[in-house]
Amino acid sequence: LAGIACLALFTLWFVRGANVKLACLVRTLRPADARLYAIIRRAAERVGMTPPATFLSRAPMANAVSLVHSRQLVFTESAVAGLDDDALYAIALHELGHLQEPPSQRRVRAAMLLPIFVLMATFPLSELLELDVLWLALAALGLSVIAARGFRAFSRRMETRADAVAHGHHEEPGAYARALAQLHTLGGIPAVLANSTHPHLY
């Protein structure tokens with residue numbers, strides 16, 4: 001159990017910024033260039049927040065992600081190269097919407113890791129509580145499935161919320177929808193994604 005607790009603490013430390021530092025160390029991430037940072041600064045001013053640290057990723061797929069726990073943004077180089085400034089601005093508004101999630105919602109995101117550690121702790125818990133390991137494992141698996149469904153619904157709500165931030169703060173109606181269409185085309189992303197936390201494109 002002590003080892004699992006240490007792993008849990010390491011995981012929380014990792015997602016709160018150590019992952020970015022490691023990626024920069026091995027050069028899979030680098031700080032945003034002047035063009036992207038200017039776009040992020042403009043978007044941050046629009047939503048009323050301090051511009052977050054932003055990085056460029058060498059990942060081949062055109063995409064952008066928000067690192068909610070460390071409050072950082074990552075854009076792939078292919079997205080920055082393939083999208084115009086207005087599209088990047090619209091996407092940035094969406095990602096900043098995630099960084100504006102209340103602390104309670106960030107805690108729910110952190111709790112998404114709990115089912116993994118519950119499953120890992122099944123065997124030592126069975127010995128500690130003198131319970132049958134098979135029944136304990138089945139119970140832990142069942143709870144994990146239920147939690148996964150709940151977390152998926154939660155993530156979908158957070159994506160919808162971030163979409164609303166982008167729609168509501170962009171100066172031009174429909175600009176965010178056009179930016180999403182560009183991103184899907186550039187990255188070869190299907191308009192409808194099965195079992196995705198993101199709403200369908202249309």
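In the predicted model, arginine 71 is partly exposed, its relative accessible area being 35%. This residue is situated in the loop that connects E3 and E4. Although arginine 71 is not a glycine, its phi is positive, at about 55 degrees.

A second arginine with a positive phi occurs in the loop between H1 and E1, where arginine 27 is found. Its phi is near 65 degrees, again in a residue other than glycine. Arginine 27 has a relative accessible area of 62% and is therefore exposed, since the class begins over 50%. Valine 26 belongs to the loop between helix H1 (2-25) and E1 as well. With a relative accessibility of 52%, valine 26 also counts as exposed. Together with Leu22 and Leu25, Val26 makes a nonpolar surface patch of about 310 Å².

The loops described above adjoin strands of an open sheet. This sheet consists of 4 strands in the order E1-E2-E4-E3, and its pairing is mixed. The edges are occupied by strand E1 (29-31) and strand E3 (64-67); each has a single partner strand, so one side of each is left without a neighbour in the sheet. On average, neighbouring strands of the sheet are turned by 30 degrees against each other, direction ignored. E3 and strand E4 (residues 72-76) run antiparallel and are joined by 4 bridges. Within this pairing, valine 65 has valine 74 of E4 as its bridge partner.

At the level of the whole chain, the secondary structure comprises 9 helices and 4 strands. Along the sequence, these elements follow the pattern α-β-α-β-β-β-α-α-α-α-α-α-α. The chain contains 202 residues, of which 37% count as buried. Its accessible surface amounts to about 11400 Å², with 64% belonging to carbon and sulfur atoms. Contacts were also considered according to separation in sequence. Among those between residues at least 6 apart, 65% join residues that are at least 24 apart.

Technical notes
Residues are numbered from 1 along each chain as its sequence is written. This is a predicted model: local features need pLDDT of at least 70, side-chain atom pairs count only at pLDDT 80 or more; totals for chains, interfaces and linings use all residues. Side-chain values use heavy atoms; hydrogens and water are left out. Two strands pair if DSSP finds at least two bridges between them. Helices (H or I, at least four residues) and strands (E, at least two) are DSSP runs, numbered from the N terminus. Axes are lines fitted to C-alpha atoms, for helices over the stretch in contact, and angles run from 0 to 180 degrees between N-to-C directions. Patches are made of residues with over 30% relative accessible area and no salt bridge: like charges are joined within 9 Å, nonpolar side chains (Val, Leu, Ile, Met, Phe, Trp, Tyr) within 5 Å. Accessible areas come from the Shrake-Rupley method with a 1.4 Å probe; for residues, only the protein chains shown count as cover. A salt bridge is a side-chain nitrogen of Lys or Arg within 4 Å of a carboxyl oxygen of Asp or Glu. Buried means under 20% relative accessible area, exposed over 50%, partly exposed in between (1.4 Å probe, protein chains only). Contact means heavy atoms within 4.5 Å.
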